[in-house]
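Student: I've got a new model open and I'd like to learn how to read it. Can we go through it feature by feature?

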Amino acid sequence: REPVLYVARIVMIFATTLFFSIVWIKTRELTQDQALPKFFLMAFCVGVPALFTMIAVYGLNVEFTAVQKEIKDGMYSPNAYVLANLAIQLPMIFVLAVAALLPPWAIDALPWVTFPSAVLVFGVILFALECVAQAMSLVGNPLLGMMLFITHWFVTFLFSGLFVKISSVIWPLRILCYITPMRWGMPSMIYQAFSPYDGERGDVFEGAGKCTPSPFFGPLFCYGGFFCEGISPLECYGRTGKDILGTVGINFDVISDEFTMWTDIAYMVAIAVCWKLLFVVQLNRLCSGGTAPSAPAAKKKPPRKGDKAAVDGPVREVEPAAAAQGTGLSSQATDASELGFDPLATADVEVGDIDQMRQMRMTSVAAVPLQSQPTVSLQDFANRG
């Protein structure tokens, strides 16, 4: 219903990651001093585009106003709306993921071999956050829902693994490290950015050489099987991408040189399903109590001559003049029951039916009930019609 929900986000996300890619353009160089900035490039290209999901809170809240009325009117069920929304949501989040990751992969020379996997992981991150936005869009005030989503985004970005070690977070706050999508998505995104630099194609980080730890000095000058001549050991991260992942993982326990993409996706899908179920339950609760509109009442038609169900009592055949005389009507007036018409229901009779009833009056035989019937002049009949 609202194009801003996805179209505007695609433009803004692309522009944002394009800006970050230009800021960190020197990460194209595979050197030791650019290894750590490449981590921050990935953190901002994943975290900030995810923040734009807060737009969905406002858009879905506005949409819900119309959806709630339509559901209560019986146009469709809440579950049908959820399925239709999901059919649009799933492909669009991967379009958003492509728009977000295309600039860093193109400008900062990240390995294209992992681009499809990165799109898959980032798409699942966006899907989980979109489910959070849907649940928060059902808050009465959309501004309150947006503030709640920003709070959730801040928590998930803080505990993504690049700022705080999980082991240093106290309980019960540590539970937040396991129920936020970026905690599982960020390590896999960083793995996709570094793992292809394995040295098989000569794509290694310059400044680091292989070494063997000394029996006297141990790993002091040869930590992890590599050393950097003329560079401080604190700035020496490794030759290959996995070397760098292992070195940085010493300080950030979620960063690993092991492939855990499918496990991370499974956790993020589970988080998304929980938020989606919360949205469905709340949607059904808010849309309950409505009744489908009843079918319109059938239009009353004047009974036809000879229809015994329309005549109250026995009938007798009389001449038209006698019928008029017997009922006290002049030649310019007619009995409403003689026409087969109930004067109390004139609102249901169209004006075009007057000629038809007048023709019935001129017939040679007329059905007239024995008991007296209320009379009405033709002028009153026309006015009521």
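Student: Let's start with charges. Which residue forms a salt bridge with glutamate 130?

Tutor: Keep in mind that this is a predicted model. For a salt bridge, you look for a side-chain nitrogen of Lys or Arg within 4 Å of a carboxyl oxygen of Asp or Glu. Here the partner of glutamate 130 is arginine 9, and their closest N and O atoms are 3.2 Å apart. The two sit in distant parts of the chain, 121 residues apart: glutamate 130 belongs to helix H5 (residues 115-137), arginine 9 to helix H1 (residues 7-23).

Student: Are glutamate 130 and arginine 9 buried or exposed?

Tutor: Both are buried.

Student: And how many salt bridges does a search of the whole structure find?

Tutor: Two. The other one joins the side chains of aspartate 73 and lysine 69, again with 3.2 Å from N to O. For burial, use the relative accessible area: under 20% is buried, over 50% is exposed, and in between is partly exposed. Aspartate 73 comes out at 33%, so it counts as partly exposed. Lysine 69 has 56%, so that one is exposed.

Student: Back to H5. How far does H5 reach from its first C-alpha to its last?

Tutor: With a helix, you can set the span against the one expected at 1.5 Å a residue. H5 has 23 residues and reaches 32 Å, close to the expected 33 Å. It's also mostly covered, with 20 of the 23 residues buried.

Student: What about the loop after it? Where is asparagine 141 found?

Tutor: In the loop between H5 and helix H6 (142-158). Its relative accessibility is 41%, which means partly exposed. The side chain of asparagine 141 reaches the backbone nitrogen of leucine 143 at 2.9 Å. Also check sequence against space: asparagine 141 and tyrosine 58 are 83 residues apart in the chain, but their C-alpha atoms lie 9.0 Å apart.

Student: Which loop holds glutamine 32?

Tutor: The one between H1 and helix H2 (35-51). At a relative accessible area of 3%, glutamine 32 is buried. To see what surrounds a residue like this, skip its neighbours within four places in sequence and list the rest. For glutamine 32 the contacts include Phe205, Cys228, Ile231 and Tyr237. A polar atom of its side chain lies 2.8 Å from the backbone nitrogen of tyrosine 237.

Student: Here's another loop residue. What does the side chain of serine 195 reach?

Tutor: The backbone oxygen of tyrosine 191, at 2.9 Å. Serine 195 lies in the loop between helix H7 (181-194) and strand S1 (209-210). Its relative accessibility is 14%, so it counts as buried.

Student: How many disulfides does the count come to?

Tutor: First the idea: a disulfide is a covalent bond between the sulfur atoms of two cysteines. In this model the count is zero. You can still read the surroundings of single cysteines: cysteine 274 is exposed because its relative accessibility is 54%, while cysteine 287 is buried at 6%.

Student: Last one. What pLDDT does the chain average?

Tutor: The average is 78, and 70% of the residues score at least 70. Look at stretches too: residues 320-351 have a pLDDT below 50, and that stretch has 53 contacts in the model beyond near neighbours in sequence. Over residues 364-373 the pLDDT also stays under 50, and the model has 27 contacts for them beyond four places in sequence.

Conventions
Residues are numbered from 1 along each chain as its sequence is written. This is a predicted model: local features need pLDDT of at least 70, side-chain atom pairs count only at pLDDT 80 or more; totals for chains, interfaces and linings use all residues. Side-chain values use heavy atoms; hydrogens and water are left out. Helices (H or I, at least four residues) and strands (E, at least two) are DSSP runs, numbered from the N terminus. Buried means under 20% relative accessible area, exposed over 50%, partly exposed in between (1.4 Å probe, protein chains only). A disulfide is a pair of cysteine sulfur atoms within 2.5 Å. pLDDT is the predictor's confidence in each residue, from 0 to 100. Contact means heavy atoms within 4.5 Å. The expected span of a helix is 1.5 Å times one less than its number of residues. A polar contact is a pair of N or O atoms within 3.5 Å; within protein, one must be able to donate a hydrogen and the other to accept it, and residues adjacent in sequence count only if both atoms are side-chain atoms.
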